[in-house]
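Q: I'm new to reading protein structures. Could we walk through one together, feature by feature?

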Amino acid sequence: MTAKAFLDRNPKATERDIEQAMAGVLCRCFTHVRMLRAIKRYAQGVAR
Amino acid sequence: MKVKLSKAGDRRSMSQDALAALERAGFSRRDFLKRSGALIVSFSVWGMGTEPSTARAQVFQGVSPGAPPADQLDSWLAIAADGTVTAYTGKCELGQGMETAQTQLVAEELGVRFEQVKLIYCDTSCTPDQGYTSGSQSHPTNFNRTNLAQAGATAREALFRLASARLGVPTDQLGSRDGVISVKSDPSRKVSYGQLVGGNKFNLMLDSNAKRKPPREWAVLGTPVRRPDLPALVTGQFEFVHNVRLPGMLHGRVVRPPAVGARLVNVDEGSLQGLPGIVKVVVKKDFVGVVAEKPWQAIQAAGKLEVNWSAGTGLPGHAEFYEYLRNEKSSRDTLLVDSQDVEQKLSEAATVVKATYYHPYQMHGSMGSSCAVAHVEGDKATIWSATQGVWYIRSTAAMVLGLKPENLRVIFKRGSGCYGINGADAVTYDAALLSQAVGKPVRVQLTRRDEMAWENYGNAFVLDERAGLDAQGNIIGWDHEAWVPSLGNRPGTGTPGNIITGLLVGFQPDAFTPRKPAAPPTTYNNNSNGVPSYASGCIGGTCRGTGIIKSERVLVHGVRSPFWTGPLRSPQRLQNTFAHESFMDELAARAKADPVAYRLRHLSNSRLSDVVKGAAKTANWDARPSPKSDTRKAGIATGRGFSCVAYEGDNGFSAMVADIEVDPFTGKVTVKRVVVCVDCGPISNPDGLRNQTEGGTLQGMSRALMEEVTWDQQKVTSIDWRTYPTLPLGFDVPKVEVVMINRPDEEATGAGELSITIVAPAIANAIFDATGARIRQIPLTPERVKAALV
């Protein structure tokens with residue numbers, strides 16, 4: 001939800017921007033790698 | 001907030017399941033959240049609504065009284081008239097992917113499509129007792145020559161025999177596809193599994209000679225089948241134990257003691273006067289809880305209830321705790337190996353190297369605090385729990401409630417990722433006690449504080465390492481001595497006092513029985529990874545270790561812990577491996593040898609050597625001694641570190657390269673890239689293995705860099721995510737590359753703990769490589785790193 005709200009407001013966000021936006025989100029399933037990949041894929045779609 | 005699919009291509013690339021989940025969600029999470037508040041558990045309490053027509057009324061005699069017998073095929077598999085296969089297993093889906101892998105296994109062995117198999121797991125009304133779903137044991141238990149795998153093979157052979165009789169053709173002239181057996185030379189002559197056994201029992205014993213499908217012929221196993229649970233999870237529709245709702249259900253909260261060892265003096269029920277919705281204040285010995293009509297009312301009541309407690313028993317100082325452990329006079333000593341010549345070898349050595357390593361208590365720290373729902377009706381109870389062992393909860397919750405175990409049904413429902421014994425078992429007892437007190441269904445969810453302050457932590461450790469090197473730098477003797485505190489554990493079949501709620505209602509934890517001196521070892525067991533990988537593990541002339549060092553001693557002092565302890569992902573193995581793999585790096589540096597080459601020259605096990613070479617090759621390992629010659633010249637320092645392990649001695653193999661940066665001004669360590677090579681035998685699901693390996697790497701980083709349980713004189717002070725930090729999503733996520741070695745001819749081993757076990761030493765070794773500073777205490781915080789650089 002954080003990623004969606006952020007990207008809708010900032011469709012041209014860089015990787016660094018996304019990481020900063022997600023800095024307050026905690027995850028103990030440790031799928032950080034896959035989640036960030038999915039968020040970036042979504043971001044590329046939004047930017048297009 | 002609508003979930004918008006960004007382009008048509010995304011939709012096309014989604015699986016049907018994912019699409020269906022999005023459709024059901026109405027693209028709106030808020031709507032879903034509104035609706036989910038009213039989710040009702042619709043299946044009947046006694047008896048499975050999802051069973052096929054096969055009658056399962058027979059009285060089972062298994063491990064636990066009443067458990068389906070493991071030697072009977074009907075305990076594992078049932079085929080309905082429509083050909084649907086229902087498989088029953090005692091290994092649960094905890095988020096690790098076991099539902100998918102086990103469904104693949106059954107589909108593979110039976111020769112049916114993945115979608116034709118419905119897996120029922122961890123419900124004492126119908127699934128076999130396979131102990132806990134834990135300890136990297138699900139693959140070894142169910143994927144080799146016994147249990148679920150053997151049931152599949154037995155069933156396939158039985159189906160072929162039945163088809164042979166029905167079609168009048170020998171079995172070797174028959175083939176099967178998607179649950180239909182046909183004559184190879186005339187495929188129009190065929191019969192389906194449903195026609196052969198539909199609705200009836202097999203009435204067969206598991207056949208240990210039934211042929212498993214060789215991994216080289218796998219069509220379903222070995223492929224990256226997508227997890228059927230994920231679409232519901234990522235769209236917020238998944239029903240966790242937290243979402244279980246029963247008609248007339250009430251809400252409970254517990255009031256835990258304010259300090260370790262505090263006892264209940266009295267409860268003033270009058271303090272709740274005027275609060276709405278209060279149903280009952282429940283007190284049983286030191287256990288205190290409240291039941292209310294609504295969750296918020298229960299929360300308010302638990303906060304307002306005036307409870308008087310005695311003072312706590314006091315805690316050893318956090319800063320001096322490692323010295324406290326080492327000086328504990330009363331200990332239970334164990335020798336894992338002892339060649340009895342270590343002191344002599346060390347006295348002959350050209351160089352003796354010594355180091356001591358420290359590992360803190362760490363917690364499971366579930367993101368969603370633990371929850372359970374119980375309905376105790378007179379002498380019967382039904383319990384929904386995220387426990388890793390439904391049969392053990394059945395027997396121990398029965399003790400807590402004073403009921404007969406056969407009158408309890410325990411149904412597993414997923415909770416937050418547990419990684420071992422988090423608060424799931426304790427909250428299950430909580431819900432059962434509160435439900436019994438009010439005679440109605442009760443849901444209890446722990447507060448963040450109660451979850452974190454009272455769970456069974458991963459053990460703290462003090463580890464002394466000593467080794468002797470000859471003039472060429474070869475290791476000629478290795479001595480390891482460790483101090484590890486413990487208290488309680490999983491409840492098992494009969495020890496509810498091993499967790500907090502059990503103790504509060506009057507049960508005792510496993511007794512602590514000191515033992516000095518340790519008895520000489522009689523059989524080799526490296527389950528805890530106490531023996532370094534480079535030792536030969538020789539006992540009574542038989543050597544089962546993975547290395548070549550003959551002179552070896554491993555002595556462990558078990559001491560009493562002031563805090564609850566229990567298995568946390570890679571229990572003790574991670575702590576021991578941090579010491580061994582850090583120390584191996586120190587020895588390589590002393591011998592001025594490349595850390596990878598130095599490891600290889602002390603290993604005898606080819607599978608371990610192969611993962612070492614695999615990780616080094618993929619990472620383009622820069623072969624040279626550590627540290628770098630140009631350390632600490634200016635600005636950000638970079639380095640690479642290595643580590644490896646034969647998990648539990650033989651339950652999987654892994655090796656890791658970590659590339660890191662160290663900021664000498666702040667002490668901040670940034671992991672840039674991790675290459676991890678794993679070998680767990682034949683790979684059931686490459687994507688599942690990759691996910692376990694990536695997840696283990698990230699959790700390993702969190703534990704290595706940030707996590708430590710803290711306390712004051714009376715109580716645990718790690719009670720939220722500020723006081724027990726974890727890796728946030730937005731940190732610099734390293735590039736994680738997973739190299740998988742598939743071993744189709746070997747037995748399946750565990751995989752879930754292969755990467756996490758070796759992360760901390762890989763990072764610590766990389767810090768040494770980058771800066772020349774050796775840090776021997778976890779977590780590797782910026783303050784600790786900065787202090788080491790001064």
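Q: Let's begin with empty space: how many cavities of 30 Å³ or more are there?

A: Keep in mind that this is a predicted model. A cavity here is a space where a 1.4 Å probe fits but cannot get out. By that rule, the count comes to 8 cavities of 30 Å³ or more. The largest cavity has a volume of about 80 Å³.

Q: Which residues lie nearest the centre of the largest cavity?

A: Look for Gly423(B), Ala426(B), Trp454(B), Glu455(B) and Ile500(B), which lie nearest the centre among 14 lining residues. Two elements give two or more residues to that lining: α13 (424-438) and α14 (448-454) of chain B. The most comes from α14(B), with 3 residues. Sorted by character, the lining has 6 nonpolar, 3 polar and 5 charged residues.

Q: And pockets? How much space lies in the second largest pocket?

A: A pocket is an open set of points, whereas a cavity is one the probe cannot leave. The second largest pocket holds about 830 Å³ of space. It has 29 lining residues, and the closest to its centre are Asn459(B), Val484(B), Ser486(B), Asn489(B) and Gln572(B). Elements giving two or more residues to this lining are β12 (332-338), β19 (475-486), β22 (552-560) and α16 (573-590) of chain B. The lining of the second largest pocket divides into 10 nonpolar, 14 polar and 5 charged residues.

Q: Some of those are strands. In what order do the strands of the 5-stranded open sheet run?

A: First the general idea: strands of a sheet pair through backbone hydrogen bonds, either parallel or antiparallel. In chain B, the order is β12-β22-β19-β18-β13, and the pairing is mixed.

Q: Why is one side of β12 and of β13 in chain B left without a neighbour in the sheet?

A: Because β12 and β13 (351-359) of chain B stand at the edges, each with a single partner strand. From one strand to the next, the twist averages 10 degrees. As for a single pair, β13(B) runs antiparallel to β18 (residues 461-469) of chain B over 9 bridges. There you can find His359(B) opposite Phe461(B) of β18(B). The helix α16(B) packs on this sheet, touching β13, β18 and β19 of chain B, and its direction makes about 150 degrees with that of β13(B).

Q: What does the sheet made of β4, β5 and β6 in chain B look like?

A: This one is open as well, with 3 strands in the order β4-β5-β6 and antiparallel pairing. Its edge strands are β4 (174-177) and β6 (186-192) of chain B, each paired on one side only. Neighbouring strands are turned by 35 degrees against each other on average, direction ignored. Helix α6 (residues 147-167) of chain B packs on the sheet and touches β4, β5 and β6 of chain B. Between β5 (residues 180-183) of chain B and β6(B) there are 4 bridges, and Ser182(B) has Lys190(B) as its bridge partner in β6(B).

Q: How many residues lie between the strands of the hairpin formed by β9(B) and β10(B)?

A: There are 2 residues between them. The strands, β9 (residues 278-284) and β10 (residues 287-292) of chain B, pair in the antiparallel sense over 6 bridges. Lys284(B) stands opposite Phe287(B) in β10(B).

Q: What is special about the backbone there, and where do cis bonds turn up?

A: Most residues other than glycine have a negative phi, and most peptide bonds are trans. In the hairpin turn, Lys285(B) has a positive phi, near 50 degrees. A cis peptide bond joins Lys516(B) and Pro517(B), with omega about -10 degrees. Pro517(B) is in the loop between α15 (500-504) and β20 (538-539) of chain B. The bond from Ile778(B) to Pro779(B) is also cis, with omega near 0 degrees. You'll find Pro779(B) in the loop between α20 (759-771) and α21 (782-789) of chain B.

Q: What about chain A: how many helices and strands are there?

A: Chain A has 3 helices and 0 strands. Its C-alpha trace spans about 30 × 20 × 15 Å along its principal axes.

Q: How much area do chain A and chain B bury between them?

A: The size of an interface is often given as the accessible area lost when the parts come together. Here the two chains bury about 2,500 Å² between them, 60% of it on carbon and sulfur atoms. In terms of contacts, 22 residues of chain A touch 33 residues of chain B. Arg28(A), Phe30(A) and Arg34(A) supply 34% of the area that chain A buries against chain B, more than any other three residues.

Definitions and conventions: Residues are numbered from 1 along each chain as its sequence is written. Chains are lettered from A and ligands numbered from 1 in the order in which they are written. This is a predicted model: local features need pLDDT of at least 70, side-chain atom pairs count only at pLDDT 80 or more; totals for chains, interfaces and linings use all residues. Side-chain values use heavy atoms; hydrogens and water are left out. Two strands pair if DSSP finds at least two bridges between them. Axes are lines fitted to C-alpha atoms, for helices over the stretch in contact, and angles run from 0 to 180 degrees between N-to-C directions. Contact means heavy atoms within 4.5 Å. On a 1 Å grid over the protein atoms alone, a cavity is a set of points where a 1.4 Å probe fits but cannot get out, and a pocket is an open set with protein on both sides within 12 Å along at least five of seven lines; lining residues have an atom within 4 Å of a point. Grid points are joined across faces, edges and corners, and a volume is the space filled by probe spheres set on the points. Ala, Val, Leu, Ile, Met, Phe, Trp, Tyr, Cys and Pro count as nonpolar, Asp, Glu, Lys and Arg as charged, and the others, Gly among them, as polar. Buried area is the accessible area (1.4 Å probe) that two parts lose on being put together, summed over both.
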